[in-house]
Amino acid sequence: MHYTLCDMFSDLTQNSIEAGADTITVDIEQTETSVSCCIEDNGKGMSPEQLKRATDPFYTDGIKHPHRKVGLGIPFLIQTAEETGGTWSITSDVTDNGKGAPGTRISCSFDLTNIDTPPVGDVTGFFRQILTFPGSYEMIITREAPGFGYTVRRSDLLEALGLQDQGEFADANALSLLGQYLESLED
Ligand SMILES: Nc1ncnc2c1ncn2[C@@H]1O[C@H](COP(=O)(O)OP(=O)(O)OP(=O)(O)O)[C@@H](O)[C@H]1O
Ligand SMILES: [Mg+2]
C-alpha cells in the first residue's frame, strides 16, 4: 500500500468529524527536512480507557468496520512515526468529565530525511478533502512551508463562493473553484 503522510493526516481529521466536532484546527508546518501536523477538535473526546484502545493496533470497536479485526488510523500513525524517527502525541478529554476542555489533540512530526518516511503527498488535495466533508463545521487550516505560509477558514471560503447559507461545498463547480484557490496559495 502506497500511503502518504497526507493520507494519514486525512484519516485523523476524518476521526474529528466523526467525533461530532464543530471546530477543527489543522496546522501543518514543513521545512526542507521535516513535516509536523497538529489536529485539534472539540468533538466528543475519549476517556483514558478509550484512548488506550484507540492507540492499540489489535483493538477495534467493531462498529464501523464489523469485519475488520484491527483498527488502522491511529495505530498506523504511531507505528509509522516510531519506525522512522518521528514523534507523536495524543491527548483527549471526554466532553462531560467536568475538567478541562473537551476534545482531542493529535500532533506528530516526521523526519523527511529518513528513507522509510512515507512521502508527504498531496497537501492541497488533503485540504480540499477535509474542507468538503458534508455538514456544517468550522475548520481553520494553517500551513507553513519554506518561502510561504497561509491560514484559511472554512467559513470564509464558503462565504467567498456565496455558499454560506448552504454550509457546504456540494456542487462540482464549487469544488473546482476551491481546488484552484487552494493551489494558488501554494505558489
Ligand atoms: N478525534 C477523535 N475524537 C474522538 N474519538 C476518536 C478520535 N479519533 C479516534 N477516536 C476513537 O478511536 C477509534 C479508532 O480510530 P481509528 O481512526 O483508528 O479507527 P476508526 O475511525 O474506527 O476506523 P477507520 O479510521 O479505519 O475508518 C474511533 O473509532 C473513535 O472511537
Ligand atoms: Mg478513523
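Two strands count as paired if DSSP finds at least two bridges between them, and strands themselves are DSSP runs of E with at least two residues, just as helices are runs of H or I with at least four, both numbered from the N terminus. The model is predicted, so that local features need pLDDT of at least 70 and side-chain atom pairs count only at pLDDT 80 or more, while totals for chains, interfaces and linings use all residues. Residues are numbered from 1 along each chain as its sequence is written, and side-chain values use heavy atoms, with hydrogens and water left out.

**Exercise 1.** Determine the order of the strands in the open sheet, and find the bridge partner of Asp41 in β4.

*Solution.* Begin with the inventory: the protein has six helices and six strands, which follow one another along the sequence as α-β-β-α-α-β-β-α-β-β-α-α. The six strands of the open sheet are arranged in the order β3-β4-β2-β1-β5-β6, and their pairing is mixed. At the edges stand β3 (87-93) and β6 (148-153), each of which pairs on one side only. Within this order, strand β2 (residues 34-41) runs antiparallel to strand β4 (residues 103-111), and eight bridges join the two. One of the residues of β2 to locate is Asp41, whose bridge partner in β4 is Thr104.

**Exercise 2.** Identify the strands that helix α4 lies across, and give its angle to β5.

*Solution.* Helix α4 (residues 123-131) lies across β1 (23-30), β5 (138-145) and β6, where contact means heavy atoms within 4.5 Å. The helix runs at about 170° to β5, with axes taken as lines fitted to C-alpha atoms, for helices over the stretch in contact, and angles running from 0 to 180 degrees between N-to-C directions.

**Exercise 3.** Work through salt bridges of the structure, stating which parts of the chain each pair joins and whether its residues are buried or partly exposed.

*Solution.* A salt bridge requires a side-chain nitrogen of Lys or Arg within 4 Å of a carboxyl oxygen of Asp or Glu, and the structure holds four. For accessibility, buried means under 20% relative accessible area, exposed over 50%, and partly exposed in between (1.4 Å probe, protein chains only).

1. Glu40 and Arg105 meet at 3.8 Å, N to O; because Glu40 lies in strand β2 and Arg105 in strand β4, the pair ties together parts that are 65 residues apart in sequence. Glu40 is partly exposed at 37% relative accessibility, as is Arg105 at 35%.
2. Glu138 and Arg153 have their closest N and O atoms 3.6 Å apart; since the former lies in strand β5 and the latter in strand β6, parts 15 residues apart in sequence are tied together. Glu138 is buried at 17%, whereas Arg153 is partly exposed at 37%.
3. Arg143 and Glu186 have their closest N and O atoms 2.9 Å apart, and they link strand β5 to the segment after α6 (172-185), 43 residues apart. Both residues are buried.

**Exercise 4.** Classify the aromatic pair of Phe9 and Phe110, and name the cluster that holds these rings.

*Solution.* Rings of Phe, Tyr and Trp (its six-membered ring) pair if their centres lie within 6.5 Å, and planes under 30 degrees apart count as stacked, over 60 as edge-to-face and the rest as tilted. Phe9 and Phe110 are 6.4 Å apart, centre to centre, with 45° between the planes, which makes the pair tilted. Phe9 belongs to helix α1 and Phe110 to strand β4, 101 residues apart. Phe9 is buried at 1% relative accessibility, and Phe110 is buried at 2%. Ring pairs link Phe9, Phe110, Phe126, Phe127, Phe148 and Tyr150 into the cluster.

Definitions and conventions: Chains lettered and ligands numbered in written order.
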